Amino acid sequence: MRKGAYLLNIFIIRFKGSYHVGWRRPQPIVESVTIHRALIDIIHELYGKDISPKIINDIMDAKISSLLPAVKTGNCHKILVPFTHFPSKIKLNKIGINWISLKALSTLLFYMKNVPTMPYLYIEENAERKIFLNYKIDSKEHSEEIKDLVAGKNLIYHKDEMKIFGEGSLKLFRLREIWRNVIDRVTSSADLYKIYAYDAETDLAMIIYTGSKELSDSLDEILRLLGVTGLGGLRSYGFGKFMVSRGEICKEDLYEDYEKIISWKGPGYYVSLGSFLDHSRNIIDLDKSIINKGVLEGFAGSVYNPYHLPKIIYAAYGSILYLKDKPDKEVIKIDTKDLFEPLIIFNPVMIGV
């Protein structure tokens, strides 16, 4: 899809089996920082020494979303975003709320634009489960009902999505516990061990927003190859393999066309659909932002050439950020004392209203 000087690419990912991402414990969401690194890695595999610096720069400059669950309706998909981190009078996951639809989240941002202080939600614990946005002005409590939103069993959605989500009870991911064994070559005894992985029980959507037509035209081939080799860890077990196809986000979820919703609109609230790091510019107003904290750490690289990742705390997918200035990519370079220099790239898709 052509939008002005940029090319918006929407892909639907279907894992063929289980996948494993995360350090210490697996995570259901494959983050954009992982996808950025995987794309650069597969490009090196594809081109070898003949790789063009331009295509690496194009990938670094591309805005990428995490793999977010998406429910198909007609010819388009409705993206869902994690929501448990939003401030609430009653903890959201205690009443079963874990997700919010993109249309409902866009609606919530419209309400938040007119609130002068940090708001929080109140959801009535009764059959109607009405949703209120509460905030204080001069120590006085204010409460505004958001009549357009519906609190389902584990999902907040827009009233216009009632036919799609019904009671708002969706099973999106399943954590698997898998037993394996390793055979001692000397004694032939078996040593049991356990690994964990996730199965996605719905489609996953990824947005790649780039200014390079060359990269946009190559993405289908690059992602198909990545789908064959696998995404994430434990790929020697066959984990992480997926199928990929082009898709569409339901346009009514974004109110306006894609270009307007993704482009910079000046200081205000934005939702990060990927991994965002404000390392050097201090453009996040922390007093007004609602951050879903992500932590990057651990080991990476091949078994023949591993390296240690620096510990980085960042704003993960679903973070609602009040940005004072236009965001840009953050690139962390890792010195491995070797010929290659791994990169960690934070350049997510951001949506505003």
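**View 1. The β12–β13 hairpin in the predicted model.** Strand β12 (residues 173-183) pairs with strand β13 (residues 190-200) in the antiparallel sense, and eleven bridges connect the two. Within this pairing, R174 is placed opposite D199 of β13. Six residues lie between the strands of the hairpin, and S188 adopts a positive phi near 65 degrees.

**View 2. The open sheet β19-β16-β22.** This sheet consists of three strands in the order given, with antiparallel pairing. The edge positions are taken by β19 (320-323) and β22 (350-352); each has a single partner strand, so one side of each lacks a neighbour in the sheet. On average, and with direction ignored, neighbouring strands here are turned by 40 degrees against each other. Strand β16 (residues 268-272) runs antiparallel to β22 and is joined to β22 by three bridges. S272 has M350 of β22 as its bridge partner.

**View 3. Helix α3 against the sheet.** Helix α3 (residues 102-113) lies across three strands, β16, β19 and β22. Relative to β16, the helix runs at about 160 degrees.

**View 4. Surroundings of F83 in the largest nonpolar core.** This core holds 101 residues, of which F83 and I156 touch the most other members. Beyond residues up to four places away in sequence, F83 is in contact with L92, I97, N98, W99, I100, L105, L108, L121 and I156. A second core of eight residues is separate and includes Y270, I283, A315 and L321. In soluble globular proteins, nonpolar side chains tend to be buried together.

**View 5. The buried residues of helix α2 and their cover.** Helix α2 spans residues 53-61, and its residues I55, I56, D58, I59 and M60 are buried. Among the elements covering these buried residues are the helices α1 (32-47) and α5 (213-229), together with the strands β20 (330-333) and β21 (343-346). An α-helix has 3.6 residues a turn, so residues three or four places apart point the same way.

**View 6. S66 and its contacts.** S66 is located in the loop that links β3 (63-64) to β4 (68-73). S66 counts as buried because its relative accessibility is 0%. When residues up to four places away in sequence are left aside, S66 touches I29, V30, E31, S32 and I35, as well as A205 and M206. The remaining contacts of S66 on this count are L273, G274, S275 and Y317.

Note on methods:
Residues numbered from 1 in each chain as written. Predicted model: local features only at pLDDT ≥ 70, side-chain atom pairs only at ≥ 80, totals over all residues. Heavy atoms only, no water. Helix = DSSP H or I, 4+ residues; strand = E, 2+ residues; numbered from the N terminus. Buried < 20%, exposed > 50% of the residue type's maximum accessible area, 1.4 Å probe, protein only. Contact = heavy atoms within 4.5 Å. Core = buried A, V, L, I, M, F, W, Y, C linked by side-chain atoms within 4.5 Å. Pairing = 2+ DSSP bridges. Axes fitted to C-alpha atoms, helices over the stretch in contact; angles between N-to-C directions.
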